[in-house]
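Subject: Structure handover

Hello,

Here is the structure for you to look through. My notes follow below it.

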Amino acid sequence: MTTNAVHPTAVTPSPGAPPPLDIRADFPILARRIGGRPLVYLDSAATSQKPASVLAAMDEYYRAHNANVHRGVYTLAQEATEMFEGARERAASFCGGTTRTTIFTRNATEAINLVAYAWGRDNVGPGDAVLITQMEHHSNIVPWQLLCAERGARLRYLDVSDEGRLSLEQLEDELSRGDVKLVAVAHLSNVLGTINPIAEITTRVRRAGAVSLIDGSQAVPQLPVDVATLGADFYVWTGHKALGPTGIGVLHGHEEILEDMRPFLGGGDMIRTVDFETSTWNDLPWKFEAGTSMIAEAVGLAAALDYLQALGMDHVRAHERELTRLALELLGAIPGVRVIGLPDSDERGGVVSFAVEGMHPHDVAELVNRENVCIRAGHHCAQPLMRRLGVPSTARASIGPYNVASDIEALADAVRRAREVFGL
Ligand SMILES: Cc1ncc(COP(=O)(O)O)c(C=O)c1O
């Protein structure tokens, strides 16, 4: 791994900032050239690129250890089981959780649906409320809409301020109404980049006797996360945004709450006994893992977490904060460009949404793509937030640990040239 090397950069580092990361060489896809030009990948909020160590771990698993887990007594099966359960230990310890309460799902979306189904159906009823925020991803909206419609409960939203913040006073007001059973909030917004004050939110939620679910899909890849300190009853994230493969997500849950919950999906592995009429359930965490698990994906995720741990999440955060600062500065200096969200990179992650006056976001993304700058345009699976912001869509650049200052400069240059194409 090529960590901690100093990359030539135009950023004036913040006082005390560690040297920028230069790890591009660890990511095979970033060696690709399209039309003779290098790739500038700025869509990590959609999915991250994968280091060679992740690809190698999955390849090695299939070449040398592939077998189904938890069942066989033969050597391959034992190895596969050890690798799979070892990956769970890695996922748990990476986020300060325990193996018993760390459940593998397909992705963050499935983890939220698991809670909405297996906890929500038994704990949310007519006259109750579920409280979410206007900055949620559809994955943290639609499961609650379905639950509330089925159970006759109400779905209410915390507002997002013009700068992109939630209000703790409004949270207190909502909780004081006495009907809120669950509060679901993104740790780090995939559109605004806002880092929400999770520990303060979960403390208030617990004090009100409600349960909290935190969507850490964008936070786990970008910030040091300790679920014990954050105090969430449920904390979910998704492997493919954290340098891991697609097809694996994680749910950390409060042990007593998980024990009390009914299973989510029924089938193999999640049972202890099955009779003709009824069944009994396996222990945690397997009670929530029906069917053959995503074994190779777990192995890949463990390799990704080892890689991130070797970089150090404090270092990843500091590196991405500096690049975010540069992006806010360079994009903000382009005439007609409006950067959305908080102006201070200390309060936000590496997600920078912006609007270019006189241009549709899709035209911006299309024109910068001619220079191999990969950004996203659209509603970013956050249509209620788009309505709140009064825009149909935005352009969004998002940063990973492999980005360097020249990527941000390439983005700003490409946006300038895109404006010129439009005669702006
Ligand atoms: C904040 C947030 N939550 C949830 C998700 C859903 O992740 P997945 O599709 O991996 O379940 C995303 C993906 O973009 C996200 O950004």
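In which helix does Val421 lie? The answer is helix α13, which covers residues 405–421. Please keep in mind that this is a predicted model.

**Surface patch**

Val421 is exposed, because its relative accessibility is 58% and the cut-off for exposed is over 50%. Val421 also belongs to a nonpolar patch on the surface. Its partners there are Phe422 and Leu424. The patch comes to about 270 Å².

**Salt bridges**

The count is 26 salt bridges. Here are some of them.

- Arg24 and Asp407 pair through their side chains at 3.8 Å, N to O. Arg24 sits in the segment before β1 (33–34) and Asp407 in helix α13, so this salt bridge ties together parts 383 residues apart in sequence. Asp407 is buried, at a relative accessible area of 4%.
- Arg88 and Glu85 form a salt bridge at 2.7 Å, N to O. Both residues are in helix α2 (residues 75–94). They are three residues apart there, about one turn of the helix. Arg88 and Glu85 are both buried.
- Glu172 and Arg204 form a salt bridge at 3.0 Å, N to O. Glu172 is in helix α5 (residues 168–176) and Arg204 in helix α6 (residues 198–207), so the pair ties together parts 32 residues apart in sequence. Glu172 counts as partly exposed at 30% relative accessibility. Arg204 counts as partly exposed too, at 21%.
- Salt bridges also link Arg156, Glu174, Arg177 and Asp179 in a network.

**Cavities**

How many cavities of 30 Å³ or more are there? The count is two. The second largest holds about 90 Å³ of space. It is lined by 15 residues. Closest to its centre are Ser44, Pro221, Gln222, Lys241 and Ile399. By type, the lining of this second largest cavity has six nonpolar, seven polar and two charged residues.

**A buried valine**

Is Val364 buried or exposed? Val364 is buried, because its relative accessibility is 1% and the cut-off for buried is under 20%. Helix α11 (residues 361–369) contains Val364. From Val364 to Arg396 is 32 residues in sequence. In space, the two are 10.0 Å apart, C-alpha to C-alpha.

Best wishes

Definitions and conventions:
Residues are numbered from 1 along each chain as its sequence is written. This is a predicted model: local features need pLDDT of at least 70, side-chain atom pairs count only at pLDDT 80 or more; totals for chains, interfaces and linings use all residues. Side-chain values use heavy atoms; hydrogens and water are left out. Patches are made of residues with over 30% relative accessible area and no salt bridge: like charges are joined within 9 Å, nonpolar side chains (Val, Leu, Ile, Met, Phe, Trp, Tyr) within 5 Å. Accessible areas come from the Shrake-Rupley method with a 1.4 Å probe; for residues, only the protein chains shown count as cover. A salt bridge is a side-chain nitrogen of Lys or Arg within 4 Å of a carboxyl oxygen of Asp or Glu. Helices (H or I, at least four residues) and strands (E, at least two) are DSSP runs, numbered from the N terminus. Buried means under 20% relative accessible area, exposed over 50%, partly exposed in between (1.4 Å probe, protein chains only). On a 1 Å grid over the protein atoms alone, a cavity is a set of points where a 1.4 Å probe fits but cannot get out, and a pocket is an open set with protein on both sides within 12 Å along at least five of seven lines; lining residues have an atom within 4 Å of a point. Grid points are joined across faces, edges and corners, and a volume is the space filled by probe spheres set on the points. Ala, Val, Leu, Ile, Met, Phe, Trp, Tyr, Cys and Pro count as nonpolar, Asp, Glu, Lys and Arg as charged, and the others, Gly among them, as polar.
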